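Let's work through a few exercises on charged side chains and who pairs with whom. Keep the viewer open and try each task before reading its solution.

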Amino acid sequence: MNLKKYSLVLAAGLALASSVGTVSAAKKETAKEFVERIQQETIEISKEIEAAYWVRSTYITSDTAVLAAKAGERALAFEASVVEQAKKYKDAKTDPETARAIELMLRGSSAPAPTDPKLQAELAQVLTDMEGHYGSGKYCNEKGECRELQELESVLANSRNYDELLDVWQGWRTVSPVYRKTYQRFVELGNQGAKDSGFIDLADAWKSNYDMTSEEFTTEASRLWGQVKPFYNELQCHVRAKLSEEYGEDKVPLDQPIPAHLLGNMWSQTWDNIYPIMEPHKGVASLDVTAALKAQGYDEKRMTETAEAFFTSLGLPSLPESFYKNSLIKKPADRNVVCHASAWDLDNGNDPRIKQCVEINEEQLGTLHHELGHIYYYLMYKDQSPVFKGGAHDGFHEAIGDTIQLSMTPGYLKKKGLVSEVVESPEATLNKQMKLALEKIAFLPFGKMIDEWRWKVFSGEIAPEDYNKGWWDLRTEYQGIRAPIERTEEHFDAGAKYHIPGNTPYTRYFLSFIMQFQFHKALCGKAGFEGPLHECSIYDNKDAGKALGDMLALGQSKPWPDAMEALTGQRQMDASAIIDYFAPLNSWLKEQNKDRQCGW
């Protein structure tokens with residue numbers, strides 16, 4: 001996750017930009033002078049604000065909550081001032097670079113600041129409180145056994161006991177009702193900030209970040225989902241059938257959505273933890289990377305260095321020494337931290353770091369590659385002007401590390417000594433593709449529906465008294481899953497997912513899961529690979545690395561279609577590479593499902 005708390009309407013590039021006060025408009029200041037001034041002020045003042053956010057995430061106490069709230073208040077005040085000043089230059093005749101900078105400043109942020117200073121202070125406090133509640137959340141069962149999220153997630157990943165899974169699933173969802181009303185107030189404050197910035201509401205502001213109108217973006221997101229929905233439906237149908245065999249048709253009826261607690265993940269967003277149930281050909285080409293990591297004595301740092309080595313094999317630079325000194329990669333035993341993995345671009349690109357409570361397993365190794373994708377984006381656009389430091393759009397930032405993950409093929413893992421042999425056969429291909437599809441394809445509707453819910457909440461289409469009903473209606477519509485027990489409006493199940501209290505837009509992940517296959521196909525072409533797309537790894541290929549690095553170096557200095565074209569030769573996002581990549585599995589699923597009644 002690319003973390004930019006309280007991201008400003010300078011969206012994207014002024015990194016955690018903020019200020020100790022309001023910026024006074026200079027008389028007779030040209031647009032170019034205005035942009036230069038704002039960028040310099042941001043560089044000077046951001047260190048304090050960034051430090052406050054970092055400490056709040058790595059030391060959750062009432063004291064750090066005060067510091068973060070005050071920092072957020074200053075950030076929001078600065079944002080409001082910048083937007084008001086930038087409006088004056090909206091139609092100014094100036095050079096293309098300055099015009100681009102003004103455009104970025106006027107875009108919506110995830111929490112646009114109201115112009116009223118009292119509301120700015122309240123918004124900062126609300127955001128700090130919600131994230132703090134989530135980060136310190138735990139579930140204590142009837143026996144008095146208390147477990148934090150990571151421990152609960154482990155149960156969902158590994159247990160096949162229906163009742164145990166249900167207990168853990170509902171247990172984590174006892175954490176979020178406490179901030180349901182707080183979230184409702186956030187929506188009110190965020191909508192006011194959006195209106196003060198010139199948007200209809202917060203949904204309109206969020207959808208304005210893609211070099212197209214919000215209406216055009218809504219249509220584009222629907223088009224992309226339409227490309228992959230038939231494949232997802234085949235996967236959902238087969239998964240439901242296998243789970244029904246595992247748990248019994250009384251618990252998993254073949255004509256109903258899947259109970260959400262049986263999919264191996266706290267939020268049913270990825271399903272790869274139930275791969276042992278889903279494995280098409282038992283024992284063929286088994287890739288137990290977790291066992292290899294543990295047997296070879298990997299620790300948190302060695303896992304991180306392994307991820308770094310993939311990027312350097314492409315000809316990209318080594319991480320700065322400060323990265324390992326300042327990052328948090330091991331969960332502290334003595335304090336609460338926000339363990340949700342995130343990447344941070346501090347000190348104007350001079351102090352990139354990650355925050356991740358690394359565990360020694362295959363999933364966490366993949367997450368490290370994802371987070372370092374953000375870090376290498378930071379490093380490659382480090383020399384851009386501050387306003388241009390950001391992904392071409394937020395989906396680009398999320399896609400980079402995941403693109404690298406697609407090259408973590410069995411052949412690559414063998415080179416790293418994490419598997420003993422590479423088995424190539426149709427059966428092995430199906431097994432590998434099933435495992436990946438349970439992660440990548442299963443995620444797509446989840447990635448789409450989270451912001452569908454928020455957009456409806458922000459617009460008022462889902463009223464506060466219907467938050468939970470609206471949430472589960474969309475989860476069933478998009479994913480074909482259902483709550484395993486009755487849920488009411490006393491609950492706040494959306495808030496049990498970090499990105500809701502953390503106020504991180506989520507469509508970026510949906511887009512990134514589309515684009516990573518598009519990027520992978522293009523990079524494999526740059527590497528001169530010939531063969532099935534799923535067999536390609538760009539590891540140690542400098543031609544692919546140069547193409548990737550050149551695109552990353554653009555930051556958001558150009559509209560995203562320019563960055564897309566620079567790497568892929570295309571000017572639009574396209575999911576056809578997914579269908580190409582998973583062609584063997586898609587055909588196999590259709591054969592498996594031919595006598596089943598699919599749908600829900």
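**Exercise 1. Is glutamate 565 buried or exposed, or something in between? Then find its salt-bridge partner.**

Start with the accessibility: glutamate 565 has a relative accessible area of 38%, so it is partly exposed. Keep in mind that this is a predicted model. Next, look for a positive side chain: arginine 571 meets glutamate 565 in a salt bridge, at 2.8 Å from N to O. Finally, check the partner. Arginine 571 comes out at 42% relative accessibility, so it counts as partly exposed too.

**Exercise 2. How many salt bridges does a search of the whole structure find? Pick one inside a helix and describe it.**

The search turns up 36. For the helical case, go to helix H2, which spans residues 62–87 and holds both glutamate 84 and lysine 87. The two are three residues apart, about one turn of the helix. Their side chains meet in a salt bridge of 3.0 Å, N to O. As for burial, glutamate 84 is partly exposed because its relative accessibility is 36%, and lysine 87 is partly exposed at 33%.

**Exercise 3. Which residues are linked in a network with arginine 100? Work outwards from its partner in helix H3.**

First step: helix H3 covers residues 96–105, and within it arginine 100 and glutamate 103 sit three residues apart, about one turn. Second step: their side chains form a salt bridge, with N and O 3.7 Å apart, inside the 4 Å cut-off. Third step: compare the burial classes. Arginine 100 has a relative accessible area of 6%, so it is buried, whereas glutamate 103, at 35%, is partly exposed. Last step: widen the view, and Arg107 and Asp211 join Arg100 and Glu103 in a network of salt bridges.

**Exercise 4. Where is lysine 389 found, and what does its side chain contact?**

Locate the residue: lysine 389 is in the loop between helix H14 (362–380) and helix H15 (394–405). Now try for a salt bridge. Side chains of opposite charge can pair when their charged atoms come close. Here, though, the nearest candidate for buried lysine 389 is aspartate 345, 5.9 Å away. A salt bridge has to be within 4 Å, so lysine 389 has none. Then look for other polar partners: the side chain of asparagine 348 makes a 2.8 Å polar contact with that of lysine 389.

How values were computed:
Residues are numbered from 1 along each chain as its sequence is written. This is a predicted model: local features need pLDDT of at least 70, side-chain atom pairs count only at pLDDT 80 or more; totals for chains, interfaces and linings use all residues. Side-chain values use heavy atoms; hydrogens and water are left out. Helices (H or I, at least four residues) and strands (E, at least two) are DSSP runs, numbered from the N terminus. Buried means under 20% relative accessible area, exposed over 50%, partly exposed in between (1.4 Å probe, protein chains only). Lys and Arg count as positive and Asp and Glu as negative; His and the chain ends are not counted. A polar contact is a pair of N or O atoms within 3.5 Å; within protein, one must be able to donate a hydrogen and the other to accept it, and residues adjacent in sequence count only if both atoms are side-chain atoms.
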